[in-house]
Amino acid sequence: MATNAIDQTRRMLSLVTYLRERPGAHVQDVARAFGITEDELISDLDVLPMCGTSFRGGDLLDIDTDGDRIWWHNPDDVAEPLRLAADEATALLVAARAVATLPGLRESDREALLRATAKLETAAGESGAASSRLSVTFESEGGVFADVDRAISERRRLWLRYYSPARDELTEREVDPIRLFAVGHTYMEGWCRLSEDRRTFRLDRVAEIRLLDAPAAPPELELRDLSEGLVHPAAEDPEVVIEVTTGGRWVAEYYPHDSAEELPDGGLRITLRTPDPASLRRLALRLGGEGRIVTPPELAESARRAAREALAAYDEML
């Protein structure tokens, strides 16, 4: 049975206690105890070494496996009483309050989190009071994250109205979700029934979402390696330079780029690579007076020509 992110987090917290009390535990026995497959357990063990008691990167869990047994090399160090600096306490309190508002969180977990937050606020003193003036807003507001997480857990298909900045349009499509992940923003990877191909959807661009009764049945796909980012333009792809004013700075957020150099007037000089530079003419038209293509010169001229033709067509309509 598929497990959502919240259930997995709960399981991994229990796994820490379980492994501390059972040094050298067998993979098969641990997987059976938690009711998961050995592959799922190994996946959890790949994440645990990135967890620990310090936001600054120290005191991480030193856990590894040889495929048969699991070893935790520093359980006593990690079990020492936690001492939080003021900035760590503030960060933890802000994060805890934000997580408590997530849709899909079980009420018992929410109540436990709020109780722990109240205790931490008392212990933090002035730092705790300062943290109450800070807030975090998740991109998943409106239930998008919760719906995607539920669809993955229940293996159900999704219907989306999705905004595509490259085409500047909303499209409707059915998607078999595969996974959620975060690379700067939160994304869903899924099999798009409209394009009959794997697609990545940014959650804050989902205008509307609905769970369908149809089962999700994506083809067997090898998951992409996201360790170096979401988009990997090829070195041989043509380079395009775009200059935008302050009103066009959103381009750097929506389009993968090599660099974004600050300009004296508050704008940006954005350098990016694309296998199809002509696709950026639509972007140039959207920007209007808030941006222009600098190079390559033939693309800049093509964008100017497209703008003149659009204006002429508009004049004919008047």
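Let's start with a charge over a ring: in this predicted model, the charged end of R22 sits over the ring of Y18, with 3.9 Å to the ring's centre. R210 does the like with W159, where the distance from its charged end to the ring centre is 4.2 Å. Here are the two cases in a table.

| Charged residue | Ring | Distance to ring centre |
|---|---|---|
| R22 | Y18 | 3.9 Å |
| R210 | W159 | 4.2 Å |

What about rings that meet other rings? A pair of aromatic rings is described by the distance of the centres and the angle of the planes. Searching the whole structure turns up one aromatic pair. The ring centres of Y162 and F201 are 5.0 Å apart and the planes stand at 90 degrees, so this is an edge-to-face pair. It ties together distant parts of the chain: Y162 belongs to strand 4 (residues 156-164) and F201 to strand 7 (residues 197-202), 39 residues apart. Both Y162 and F201 are buried.

Now for the strands. One open sheet has three of them, in the order 1-3-2, with antiparallel pairing. Strand 1 (25-26) and strand 2 (63-65) are at the edges with a single partner strand each, so each has one side without a neighbour in the sheet. Strand 2 and strand 3 (residues 69-72) run antiparallel and are joined by three bridges. Across that pairing, D64 stands opposite W71 of strand 3.

Further along, strand 10 (residues 259-262) and strand 11 (residues 268-273) also run antiparallel, this time with four bridges between them. E262 has L268 in strand 11 as its bridge partner. This hairpin has five residues between its strands, and G266 there takes a positive phi near 95 degrees.

Another glycine with a positive phi, near 70 degrees, is G35, which follows helix 2. That helix covers residues 27-34, and V27, V30 and A31 are buried in it. Looking down the axis of helix 2, you'd find the buried residues within an arc of 100 degrees, so they line one face of the helix.

Finally, step back to the chain as a whole. How many helices and strands does the chain have? There are 11 helices and 12 strands. Of the 318 residues, 36% are buried. If you take the contacts with a separation of 6 or more, 57% of them are between residues 24 or more positions apart. As for the outside, the accessible surface of the chain comes to about 18700 Å², and carbon and sulfur atoms account for 51% of that.

Definitions and conventions:
Residues numbered from 1 in each chain as written. Predicted model: local features only at pLDDT ≥ 70, side-chain atom pairs only at ≥ 80, totals over all residues. Heavy atoms only, no water. Pairing = 2+ DSSP bridges. Helix = DSSP H or I, 4+ residues; strand = E, 2+ residues; numbered from the N terminus. Buried < 20%, exposed > 50% of the residue type's maximum accessible area, 1.4 Å probe, protein only. Arc of directions from axis to C-beta. Contact = heavy atoms within 4.5 Å. Areas by Shrake-Rupley, 256 points an atom, 1.4 Å probe, with all protein chains shown as cover. Phe/Tyr/Trp six-rings, centres within 6.5 Å; stacked < 30°, edge-to-face > 60°. Lys NZ or Arg CZ within 6 Å of the ring centre and 35° of its normal.
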